[in-house]
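Biologist: I have a sequence and a model open on my bench computer. Could you walk me through it, one question at a time?

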Amino acid sequence: MKLEEAQMQKEWEVSKESVEEGSSASDEALSALLEEGEGAEQDAERRVRQLGSRLAQLDALNVGGMLAAATESGGAGAALAHRLDGGLRAGAALAQRLARLDHLARAAPHAAHARSGAARADANARALLAELDAIYSWLEPPALRDLDALQEPTLTTAEGRAATLKAAAALRHALRAEPAQPPHRRRLAAVRERLRRLARTKDQMAAALARHLNNALIHLGNEAAHDARPRRHHAELLPYAPFMKWLKDMDEKAYDGLLKVYTSTWARVLEREVRAAGEAARGALLAAPDHAVDHILDQVLSLVETLCNAEQDFCTQFFFLDVDVKNFNVQSEGSDGERSEGGGEGRVRQGAESRRLMAELFPSVEQELVALVGHVERHDAYGAMRALACVGRRVLGAEGGAAAEGGAAGGAAGGAAGEARWARAALAAAAVAAKRGADRAVADRLAALPDAVKQAARRPKCGVLSFVSELEELSGACEQIFAGSGRRADVERWYVMLGGAMVRAVALAEHPRTPRPVLQLENYHRLQAALAALRLPALDALRRECRQRYTEALRSYVTQYFGRPLEKLTQFFEGVAEAVASGVREDEVCYRAAFSKHELRRVLAMYPAPEVRKSLHRLYRTVEKHLSEEGGLLQVVWRAMQEEFIAQHVALQARVAACYPAAGLALPLSTDDILDAFSDIARQH
């Protein structure tokens, strides 16, 4: 038994040593394999297979060791567990290395070829070729092959301008692309030298372009005074618009110089044209009738608006005003050709450049228009109103405005249609001057109201005051002038101011020979008619006030001058009324001595019918003396007196019938007699 145990112990030790040797050997072999893990793809696959076979062998040894440990006693089991733990760690390390090897095999399938010297040389050659091609495309485009020819470009022909523009675009692209190039490329000596040559060429080309354009601007400006074609320079200069865009981007000093040359040259030409139009209009106004003022003024405004709009369109398109050309895409410049593309860039500064240039080109247009408006105001009593209506229609666009003409009306004209026109600002200044003139004319009329009352005091009859007739004339003229205009608010404001002031002036007016009620009823009636004829809701309150004041004045006049034609008879019946009021019965009043039938007959005898008619004749002559013919209210007042007389007659007749029922007494005239008397008197006069 002891012999068998010794034999098994010996075998176990032998197997343990073999396992340790195998484990150490496998570790060394695995390390060797992983050290060579940067081979080709086919070698990696072969080594993976080898590692798999080695792992299987190690698993077999571990299983054998565990079987041997089952028969071993004492500390052999603990030793086997320790060795098994070490084998598991070795297996985990082996799995990690296998994963790394697989990753390397997939990530670098051509690693072996890349590490070769021939592959590196080929890659370097290709990289150098690509770098040289990029530098060549940047600094040596076909348009920049001959830099000496670009120093004196040909600009007199379309072909020369097209070639020069193409070269200028390539030159701009080359110089603007420098900041975007890699630093190592910009450090090359040849690149720096080429950039210096391109910069010199840019300066020389800019000088040549500026010189040619400067001569063209001055030449066209000198010819403008003798050329019958308006704005011919627009068509002559538009082909050079792309070059102005290039100069604005590449040489701002030259661009600003050309802008000043154009302003100084053409400001004189345009000012002379505007001044000539104003002088011609002032001369025409001297002999023109009032109704022709609108046409003459509108011709000048149309000329100014057309001239300013055409010039603004051309300058915006030619000088690329309010356009940030530096941020324009440099890749799209080579195809501009002979055409100006001012609409592709973003607008900046909200028209500040165009407004400033237009103000320099037309420094006196506002003064000319304001002076012309002042001349129209002095020429016609309603000249300020006519000027306000005419200029207001232009400013508000009621007539559609004047469209830009000439060669400058190309693509930019359509784009500028919705933009603010500088001409509108000039016309707005004239409109402000016209509005001030119209307000001043209304203020003068308001200040003249007291003078009109004083002048009326010198006439035998007051009649209708002159300012009421002037309001009728003013309203008729304004309704004709502002028909279809957008200035109705101003017109209604004037009506309210004048109407209110006239109502107050009539209320305070006095005349030495015309009763105040007559003065008021005639003028309020005429004023109410004038306000009602306008049919404006804003005047309804004034119209009602005039109607009320007229009614009160008419009642006051009838009461004051008609009075009581049967005075003593009226006094008699007033006593009767007092007696009745004191408690005496109406049928018993006749028994009192003061109100007896005999006393009533005596009073009635004092007013025979012929005498009553005479008194009515005298009353009619008095009314006729007070009222004026222009007022046209004689028959109205006479009818009011007739109604008053009939009302008094009816009241007296009713009192006679109530207090003296069976006395057979009656008034000298019946109602029909009174109506006939008033009608006869009116017909006789």
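Modeller: Happy to, and what follows is a short round of questions and answers on this predicted model.

Biologist: Let's begin with the overall build. How many helices and how many strands does the protein chain have?

Modeller: The protein chain has 685 residues, and 42% of them count as buried. Among its contacts with a separation of 6 or more, 80% are between residues 24 or more positions apart. As for secondary structure, the count is 27 helices and zero strands.

Biologist: Now for a pair of helices. At what angle do H11 and H14 pack, and is that roughly parallel or roughly antiparallel?

Modeller: Helix H11 covers residues 252–287 and helix H14 covers residues 365–379, and their axes lie 10 Å apart. The angle between them is about 5°. Angles under 35 degrees count as roughly parallel, so H11 is, relative to H14, roughly parallel.

Biologist: Which classes of residue make up that contact of H11 with H14?

Modeller: From H11 the contact includes Val-274, Gly-278, Ala-281 and Leu-285, and from H14 it includes Glu-368, Ala-371, Leu-372 and His-375. Arg-275 and Arg-282 of H11 also take part. Sorted by class, the contact has eight nonpolar, three polar and three charged residues.

Biologist: And H10 against H11: how do those two helices lie?

Modeller: Helix H10 spans residues 241–250, and its axis comes within 6 Å of the axis of H11. The two cross at roughly 130°. Angles over 145 degrees would count as roughly antiparallel and 65 to 115 as roughly perpendicular, so the word for H10 relative to H11 is oblique.

Biologist: How many charged residues sit in the contact of H10 with H11?

Modeller: H10 brings Met-244, Leu-247, Lys-248 and Met-250, while H11 brings Glu-252, Ala-254, Tyr-255 and Leu-258. By class, that contact has six nonpolar residues and no polar ones. The charged residues number two.

Biologist: I'm curious about Arg-185. Is it buried or exposed?

Modeller: Arg-185 is in helix H7, residues 183–186. Its relative accessible area is 11%. Since buried means under 20%, Arg-185 is buried.

Biologist: Which side chains make polar contacts with the side chain of Arg-185?

Modeller: Beyond its neighbours within four places in sequence, Arg-185 is in contact with Glu-131, Ala-134, Ile-135, Trp-138 and Val-191. A polar contact of 2.7 Å links its side chain to that of Glu-131. Another, of 2.6 Å, joins it to the side chain of Gln-181. The names you want are Glu-131 and Gln-181.

Biologist: Let's turn to cysteines. How many disulfides are found in the whole structure?

Modeller: A disulfide is a covalent bond between the sulfur atoms of two cysteines. Cys-308 counts as buried at 1% relative accessibility, and Cys-315 counts as buried at 1% as well. The search of the whole structure for disulfides finds zero.

Biologist: Last one, on backbone angles. Asp-322 and Arg-535 have positive phi values; which of the two is exposed?

Modeller: Asp-322 has phi near 60° and is in the loop between helix H12 and helix H13; with a relative accessible area of 5%, Asp-322 is buried. Arg-535 has phi near 55° and is found in the loop between helix H21 and helix H22. Exposed means over 50%, and the relative accessible area of 74% belongs to the exposed residue, Arg-535.

Definitions and conventions. Residues are numbered from 1 along each chain as its sequence is written. This is a predicted model: local features need pLDDT of at least 70, side-chain atom pairs count only at pLDDT 80 or more; totals for chains, interfaces and linings use all residues. Side-chain values use heavy atoms; hydrogens and water are left out. Axes are lines fitted to C-alpha atoms, for helices over the stretch in contact, and angles run from 0 to 180 degrees between N-to-C directions. Helices (H or I, at least four residues) and strands (E, at least two) are DSSP runs, numbered from the N terminus. Contact means heavy atoms within 4.5 Å. Ala, Val, Leu, Ile, Met, Phe, Trp, Tyr, Cys and Pro count as nonpolar, Asp, Glu, Lys and Arg as charged, and the others, Gly among them, as polar. Buried means under 20% relative accessible area, exposed over 50%, partly exposed in between (1.4 Å probe, protein chains only). A polar contact is a pair of N or O atoms within 3.5 Å; within protein, one must be able to donate a hydrogen and the other to accept it, and residues adjacent in sequence count only if both atoms are side-chain atoms. A disulfide is a pair of cysteine sulfur atoms within 2.5 Å.
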